[in-house]
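Let's take a walk through this chain, one feature at a time. Have the sequence and the 3D view open as you read.

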Amino acid sequence: MTEPGLDGCLWAVNVMELAPNCRVGGCVVEFLAIHEDETEQSLLKEWVPRSQLFAVPPPPPAGFLDGLRPGDTLELLYEDGWWPVEFRARR
């Protein structure tokens, strides 16, 4: 999403429709955690370029947290979206 405050965040979606003949290539997706309005009756559907679709990553391997160093870039699952973050320190 590119709306202010959501830029850079990745969201889980279902691909609803492909546009194979489109010059740019794209598809209609349905967001799993974002609704069209406050009534939360229907999930948001939007057209997105295929270049913005990514497979769900595998779970981190055992000992993943022990290998983190300050400055490492990560993605953090927060409020149903994956946000880019930088690891700074361990508490």
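Is Lys 45 buried, partly exposed or exposed? Lys 45 counts as partly exposed, because its relative accessible area is 45%; the scale calls a residue buried under 20%, exposed over 50% and partly exposed in between, using a 1.4 Å probe and protein chains only. Before going on, note that this is a predicted model, where local features need pLDDT of at least 70, side-chain atom pairs count only at pLDDT 80 or more, and totals for chains, interfaces and linings use all residues. Residues are numbered from 1 along each chain as its sequence is written, and side-chain values use heavy atoms, with hydrogens and water left out.

Back to Lys 45, which pairs up with Glu 30 in a salt bridge, their closest N and O atoms being 4.0 Å apart. The pair ties together distant parts of the chain, with Lys 45 in strand β4 and Glu 30 in strand β3, 15 residues apart. (Strands are DSSP runs of E, at least two residues long, and are numbered from the N terminus.) Glu 30 is buried, because its relative accessible area is just 16%. A salt bridge here means a side-chain nitrogen of Lys or Arg within 4 Å of a carboxyl oxygen of Asp or Glu, and by that rule the count is one.

Those two strands turn up again in the largest nonpolar core, made of Cys 9, Trp 11, Cys 27, Val 29, Phe 31, Ile 34, Leu 44 and Val 48. Such a core is a set of buried Ala, Val, Leu, Ile, Met, Phe, Trp, Tyr and Cys residues joined through side-chain atoms within 4.5 Å. β3 (26–35) and β4 (43–49) are the elements that give two or more residues to this core, and β3 gives the most, with four. In soluble globular proteins, nonpolar side chains tend to be buried together.

Trp 11 leads us on to Glu 79: the two are 68 residues apart in sequence, yet 9.9 Å apart in space, C-alpha to C-alpha. Glu 79 sits in the loop between β5 and β6 (81–86). At 58% relative accessibility, Glu 79 counts as exposed.

Strand β5 (residues 73–78) holds Leu 77. On the surface, Leu 77 joins Leu 10, Phe 54 and Trp 82 in a nonpolar patch with about 400 Å² of accessible area together. For such a patch, residues need over 30% relative accessible area and no salt bridge, and nonpolar side chains (Val, Leu, Ile, Met, Phe, Trp, Tyr) are joined within 5 Å; the areas come from the Shrake-Rupley method with a 1.4 Å probe, and only the protein chains shown count as cover for residues.

Terms used: Patches are made of residues with over 30% relative accessible area and no salt bridge: like charges are joined within 9 Å, nonpolar side chains (Val, Leu, Ile, Met, Phe, Trp, Tyr) within 5 Å.
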